Amino acid sequence: MMRMIVITFFALIAVMALIFSLRNFQTVEIDLYLTTISMPLALALTIELFAGIFIGFLVAFMHIIKLKSQYRSLDRKVKTIESSE
């Protein structure tokens, strides 16, 4: 039952994304300071979405690495304290 709900949810999202893409197919110009490129609005927004997701994952990954490093450091301190007792 839950699997059917998830499949329906993702199918609904896919249909909405397709409709959005078809309704926003006009060309926009994007200024990259050195050059200007033209592409469909839906494609530009999709690229920005995936860039944002990638940046979010990168920030989360760096935070996880920092937490793991802190955990190892604290774990070593606990082990040295336990061994000295």
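Which residues form a nonpolar patch on the surface? The legends below begin with the protein as a whole and then turn to that patch and to other close-up views of this predicted model.

**Figure 1. Overall form of the predicted protein, with two helices and two strands.** Read from the N terminus, the elements follow the order α-β-β-α. Along the principal axes, the C-alpha atoms occupy a box of roughly 70 × 50 × 5 Å. The radius of gyration is 23 Å, whereas a compact globule of 85 residues would have a value near 12 Å. Of the 85 residues, 5% count as buried. The accessible surface amounts to about 7,900 Å², and carbon and sulfur atoms account for 72% of it.

**Figure 2. A nonpolar patch on the surface.** The patch is formed by Met 1, Met 2, Ile 5, Val 6, Phe 9, Phe 10, Leu 12, Ile 13 and Met 16. Together these residues present about 990 Å² of accessible area. Val 6, one of the members of the patch, is located in helix α1, which covers residues 2-23. The relative accessible area of Val 6 is 36%. Val 6 is therefore classed as partly exposed, since that class lies between the limit for buried residues, under 20%, and the limit for exposed residues, over 50%.

**Figure 3. The aromatic pair in the structure.** A search of the whole structure yields one aromatic pair. The partners are Phe 9 and Phe 10, whose ring centres are 5.6 Å apart. Their planes meet at 70°, and the arrangement is edge-to-face. Both residues also belong to the nonpolar patch of the preceding view. Phe 9 has a relative accessibility of 47% and so counts as partly exposed. Phe 10, at 55%, counts as exposed, because the exposed class begins over 50%.

**Figure 4. A salt bridge within helix α2.** The count of salt bridges in the model comes to one. In this contact, the side chains of Asp 75 and Lys 79 meet with a distance of 3.5 Å from N to O. Both residues lie in helix α2, which spans residues 41-84. Asp 75 and Lys 79 are four residues apart, a spacing of about one turn of the helix. Is Asp 75 buried or partly exposed? With a relative accessibility of 27%, Asp 75 counts as partly exposed, because a buried residue would have a value under 20%.

Definitions and conventions. Residues numbered from 1 in each chain as written. Predicted model: local features only at pLDDT ≥ 70, side-chain atom pairs only at ≥ 80, totals over all residues. Heavy atoms only, no water. Patch = residues over 30% accessible without salt bridge, like charges linked within 9 Å, V, L, I, M, F, W, Y side chains within 5 Å. Areas by Shrake-Rupley, 256 points an atom, 1.4 Å probe, with all protein chains shown as cover. Salt bridge = Lys/Arg side-chain N within 4 Å of Asp/Glu carboxyl O. Buried < 20%, exposed > 50% of the residue type's maximum accessible area, 1.4 Å probe, protein only. Phe/Tyr/Trp six-rings, centres within 6.5 Å; stacked < 30°, edge-to-face > 60°. Rg over C-alpha atoms; globule rule 2.2 N^0.38 Å.
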